[in-house]
Amino acid sequence: MTESEVRKLLRQMKEWSSQTAFRRFYDLTYDRLFRIAYYYVKREEWAQEIVLDVFLKLWEQRSTLPEVRNIEDYSFILVKNASLNYLEKEMRRDTLTSHELPDETEGASRSPEEEMIGEELFARYVKALDRLPQRCREVFIRIREEKQSYAQVAEELGISTKTVDAQLQKATGRLKEMIIRAEID
């Protein structure tokens with residue numbers, strides 16, 4: 001989807017309170033925002049809750065969204081902040097033992113510069129992943145993020161394991177290329 005199509009959806013959401021336009025925007029962006037939330041909280045249920053809260057906030061702010069310069073970055077920041085706030089709230093509840101908290105010790109040992117670089121790299125990764133062809137993206141996510149086997153992915157998608165391997169290689173190559181190109185630009 002192009003930037004102008006996204007802008008059109010945002011205008012429809014503002015001017016007509018179009019739930020259809022919002023649903024289309026939701027369908028286009030949910031997976032990306034879910035991956036961002038999951039990156040921070042490491043729990044599927046929490047990530048889903050965070051993303052739904054962010055979409056609720058976006059709907060409530062629909063009258064101002066067309067003025068947002070970069071809706072992709074804006075949404076990314078909303079999800080990131082909501083994820084960090086959610087983690088903080090969960091830690092305050094003290095319902096988890098310290099060894100169950102996701103990445104607590106890892107984050108404590110990283111400098112602010114390393115944190116910033118990591119977040120920027122992750123944002124590039126999410127954008128690059130979103131630009132992959134659908135089949136490549138689906139295979140890559142199932143193998144690399146969901147840790148499914150080649151055979152399981154092949155069976156669920158109705159393709160051969162060789163096709164899974166080819167799609168994974170294609171996705172990996174394109175991701176590297178897009179991330180490196182983004183660094184140069």
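At 5% relative accessibility, alanine 154 counts as buried, and that makes a handy place to step into this predicted model. Alanine 154 belongs to helix α8, which covers residues 150–157. Leaving aside residues up to four places away in sequence, alanine 154 touches Ile159, Ser160, Thr161 and Val164. One of these partners, valine 164, is 10 residues from alanine 154 along the chain, and the two C-alpha atoms are separated by 6.2 Å.

Now for the chain as a whole. The protein chain has 9 helices and 0 strands, so to speak of its order from the N terminus is to read α-α-α-α-α-α-α-α-α. Of its 185 residues, 39% are buried. Among contacts with a separation of 6 or more, 62% are between residues 24 or more positions apart.

**Helix α2 and its ends**

Let us start just before the helix. Serine 18 lies in the loop between α1 (3–16) and α2, and this serine is buried, with a relative accessible area of 14%. Serine 18 caps the N-terminal end of α2, with a side-chain oxygen 3.5 Å from the backbone nitrogen of threonine 20. A polar atom of the serine 18 side chain also lies 3.0 Å from the backbone nitrogen of alanine 21. Beyond residues up to four places away in sequence, serine 18 touches Gln12, Met13 and Trp59.

Is α2 as long from end to end as a straight helix of 23 residues would be, or shorter? At 1.5 Å a residue, a straight helix of that many residues would span 33 Å, but the end C-alpha atoms of α2 span only 29 Å. Helix α2 also has a kink of about 50 degrees, centred on threonine 29. After α2 comes lysine 42, with a positive phi near 60 degrees.

Two charged side chains in this part of the chain sit over rings. Lysine 42 lies over the face of tyrosine 39, at 4.8 Å from the ring centre. Arginine 43 places its charged end over the ring of tryptophan 46, 4.7 Å from the ring's centre.

**Helix α3 and the aromatic cluster**

Helix α3 agrees with the expected span: at 1.5 Å a residue its 17 residues should span 24 Å, and its end C-alpha atoms are 24 Å apart. The buried residues of α3 are Trp46, Ala47, Ile50, Val51, Val54, Phe55, Leu58 and Trp59. These buried residues pack against α2 and α4 (71–93). As general background, an α-helix has 3.6 residues a turn, so residues three or four places apart point the same way.

The aromatic side chains deserve a closer look. The count comes to 12 aromatic pairs. What kind of pair do the rings of phenylalanine 22 and phenylalanine 55 form? Their centres are 6.0 Å apart and their planes lie at 85 degrees, so the pair is edge-to-face. Phenylalanine 22 is in helix α2 (residues 19–41) and phenylalanine 55 in helix α3 (residues 44–60), so this pair, with its partners 33 residues apart, links distant parts of the chain. Phenylalanine 22 and phenylalanine 55 are both buried.

Phenylalanine 55 also pairs with tyrosine 26, and this pair is tilted. The partners are 29 residues apart, tyrosine 26 in helix α2 and phenylalanine 55 in helix α3, and this pair too links distant parts of the chain. Here are the two pairs side by side.

| Ring pair | Centre to centre | Angle between planes | Geometry |
|---|---|---|---|
| Phenylalanine 22 and phenylalanine 55 | 6.0 Å | 85 degrees | edge-to-face |
| Tyrosine 26 and phenylalanine 55 | 4.7 Å | 55 degrees | tilted |

Tyrosine 26 has a relative accessible area of 18%, which means that it counts as buried under the 20% limit. Phenylalanine 55 is buried as well, with a relative accessible area of 3%. Both belong to a cluster in which ring pairs link Phe22, Phe25, Tyr26, Tyr30, Phe34, Tyr38, Phe55 and Trp59. Trp59 has appeared before, as one of the residues touched by serine 18.

**Helix α9**

The last stop is leucine 175, in helix α9 (residues 161–184). Is leucine 175 buried or exposed? With a relative accessible area of 5%, leucine 175 is buried. Not counting residues up to four places away in sequence, it touches Tyr125, Ala128, Leu129, Leu132 and Phe140. The C-alpha atom of leucine 175 is separated by 8.9 Å from that of arginine 131, and the two residues are 44 apart along the chain.

Conventions:
Residues are numbered from 1 along each chain as its sequence is written. This is a predicted model: local features need pLDDT of at least 70, side-chain atom pairs count only at pLDDT 80 or more; totals for chains, interfaces and linings use all residues. Side-chain values use heavy atoms; hydrogens and water are left out. Rings of Phe, Tyr and Trp (its six-membered ring) pair if their centres lie within 6.5 Å; planes under 30 degrees apart count as stacked, over 60 as edge-to-face and the rest as tilted. Helices (H or I, at least four residues) and strands (E, at least two) are DSSP runs, numbered from the N terminus. Buried means under 20% relative accessible area, exposed over 50%, partly exposed in between (1.4 Å probe, protein chains only). A charge sits over a ring if NZ of Lys or CZ of Arg is within 6 Å of the ring centre and within 35 degrees of the ring normal. A polar contact is a pair of N or O atoms within 3.5 Å; within protein, one must be able to donate a hydrogen and the other to accept it, and residues adjacent in sequence count only if both atoms are side-chain atoms. Contact means heavy atoms within 4.5 Å. The expected span of a helix is 1.5 Å times one less than its number of residues. The bend at a residue is the angle between axes fitted to the seven residues ending there and the seven starting there.
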